[in-house]
Structure formats: structure tokens, C-alpha cells
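Please consider the sequence and the model displayed here. The report that follows describes selected elements and residues in turn.

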Amino acid sequence: MKRIRNWLRKLAVPAALGFSLLLAAGCSPTSAVESGNGRTAAAKAPFYDMASNQGKLSIRYFHLQSQEKSGDAILITSPEGKQLLVDAGIPETGPKLEEQLTKLGVNKLDLVVNTHPHIDHIGGLTTLLHTKTVDRLIHNGIPHQTETYRKVQSILQEKQIPHEAAAEGMKIEWSPSVSMEVLNPPQGTTPDKYEKWGTEEHNNHSLVLMMAYGDNRILLTGDLYKTQEYALADKYGGKLKADLLHAPHHGDMTSSSGTFIKAVNPGITVLSANFLQSMDVLKRYEKEGATVYNTGKNGHLLFVADGKTLSAYPEKP
């Protein structure tokens, strides 16, 4: 028995040493991955600690838990403290999103952007437009024949919240230090110009936003399908290059064409969905050198940009 105990003690030493080395290398839930240089460094920036990001651009992806597809909800805080919410998930996740924003100390939204009127992007606004102060709302100008869409329009009118449509070429004024350009939908697009108008057409007319802060570039794409990805890649080419890419259509196989991925060449890609929609899409991004996060697997996601580097802080590694 004594011989067995001595043998176990010998095994424990390298095991403990290996664990210590892992921690020293920054392999912890709070480690940061910096886009652009490939380094991994230990750092702490908790999702709910707004003070640690002051003077920088922070992008927070909410993990919206639901039994069905929960959609997108992204809070972007400018270096000056301006708050921008991009989409708000399905109606059922609205109260939980409201709680999360309150926990972050966000009671006023300087700007809300609704990329398109599908329920998993506009739904949570049926709660937030009541519970938070919203200065203005920007949308893609395409109406939708759903009860949720009608509810949002009614609340906007009731509360007299200014709202306007945006299209390609528009510059959205939101923060003095952060520029935001609309790349999609094309100017003058309306459903009556199409012989067929359905889910794909709605998704292809999502607002696509390119945000720039110093050297950092963030590309938000809504639910684009491959057909519109090809059109944008052909039109903009290298102008699409970004440090952080919001993978179109939650990382679904309908999107993330090789042509588009190569044009954007992202350092970090987010698959914003409460479950992984396609392993093939994830591998497609990794093959091109991107670090990929999925809210369903990694939980809440925080990205912090300082104008040069972009650091990632996933809730779960």
C-alpha cells in the first residue's frame, strides 16, 4: 500500500505543474484573445463591469436563452458612453434582455437599430420600448405583415419615438469617435419591385453596418443570404475587411459563403445563436484563420476595442 501511495504522489506533481502552466498561459474563463496579433493574454473584463471599458468601444452579445431560435441582441457602448442596441431577439426574451440591460446600468438607449423586421430581431422591442428610454430608432424601411411588427409600430407612435429608414450610403451619427456607414440595403428598394417577396428577400435587405473606431472595424450583417453576400463582395471588395464579423443569419448554412469570408477576412467571428446552427460554417471561418465564438456555447460575449487591438472575453471559454 505504501508503494502505491508513493506512485500516486509522483503522478500528482506533473499533473499539478501542467495545470499551473495552463493557468499561466491564460487558459481561464477571463482570458482575452486579441485579434490581429494572435496573442492570448490573461486579463479580466467581466461582462457586467462597464467601468473597466470606459474610454473604449465595447460590444456585448447577449446569450438569449430560449427553447426556440432566440435571435440577436447586441449592445454597443461608445468611448463616450453612448449606448446603441442592435436588434432585440424574440418577444419571449424581451423581459430577460431588459433585466440584463438594467444589470449593466443601461436605462437609456441613445440609438436602437433594427436590422430587419423578422420576429427574432424585432420581438424584444415590444418590451424594451416600454421599459427603457429610447432616443431614436433606425430600421431598413421594409414593413412586415406580423402582429409583432404592428405592435412595435404602435409603441413608436404612442411614445413619439423618432424613427427613420436607412439605406446604402447613409452615415449614422451616433458617437463622435465611432463612424457607422450603411452598406445595405440598396437605395430605393421596396417589395413591389420584386416578383417574389418572402423570407430570403427580407433577410437580404437587412441593414449592414460597418463601424470604425481608430483602426478597429466591426461589420454587422443581419441575416444576409449568400446571394446578397456575393453582391456586397463584388461591390465593396476589400472595404468589407473587418476585425470583428457578425456572421450573417446566425451562422446558418444559407450564408457565410467562401467569397464573403475571404472579402471580410475577419480576425473574430460571432455566430449569434442560442445553439450552433452549422459546424460546417464554423469550420469555414476557422479555415480562414478566424477565432469563432457562438453565444449558445460561449454564453455572453464581450469585445473591447481600443482603436488598435480587439480583445475578446467570452463568458465560457
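Two strands pair if DSSP finds at least two bridges between them. Strands (E, at least two residues) and helices (H or I, at least four) are DSSP runs, numbered from the N terminus. The model is a predicted one: local features need pLDDT of at least 70, side-chain atom pairs count only at pLDDT 80 or more, and totals for chains, interfaces and linings use all residues. Residues are numbered from 1 along each chain as its sequence is written, and side-chain values use heavy atoms, with hydrogens and water left out.

**The sheet and helix α9**

An open sheet of mixed pairing is formed by six strands, in the order β11-β12-β13-β14-β15-β16. At its edges are β11 (179-184) and β16 (291-294), each of which pairs on one side only. From one strand to the next, the twist averages 15°; axes are lines fitted to C-alpha atoms, for helices over the stretch in contact, and angles run from 0 to 180 degrees between N-to-C directions. Within the sheet, β14 (residues 244-246) and β15 (residues 268-271) are paired in the parallel sense over three bridges. Leu-244 has Ile-268 of β15 as its bridge partner. Helix α9 (residues 279-287) lies across β14, β15 and β16 and runs at about 170° to β15.

**Helix α2**

Helix α2 spans residues 94-103, and its buried residues are Gly-94, Leu-97, Glu-98, Gln-100 and Leu-101. Buried means under 20% relative accessible area, exposed over 50%, and partly exposed in between (1.4 Å probe, protein chains only). These residues lie on the same side of α2 because they cover an arc of only 160° around the axis, the arc being that of the directions from the helix axis to the C-beta atoms. They pack against β4 (74-77) and α4 (125-131), where contact means heavy atoms within 4.5 Å. Just after α2, Gly-105 takes a positive phi of about 85°.

**Two loop residues**

His-205 and Asp-215 are both loop residues.

| Residue | Loop between | Relative accessibility | Class |
|---|---|---|---|
| His-205 | α6 (199-204) and β12 (208-213) | 4% | buried |
| Asp-215 | β12 and β13 (216-220) | 53% | exposed |

Leaving aside neighbours within four places in sequence, His-205 is in contact with several residues, among them Thr-115, Asn-140, Tyr-194 and Trp-197. On the same basis of not counting residues up to four places away, Asp-215 touches Asp-243, Gly-307 and Lys-308. Asp-215 and Gly-307 are 92 residues apart in sequence, and their C-alpha atoms are 5.2 Å apart in space.
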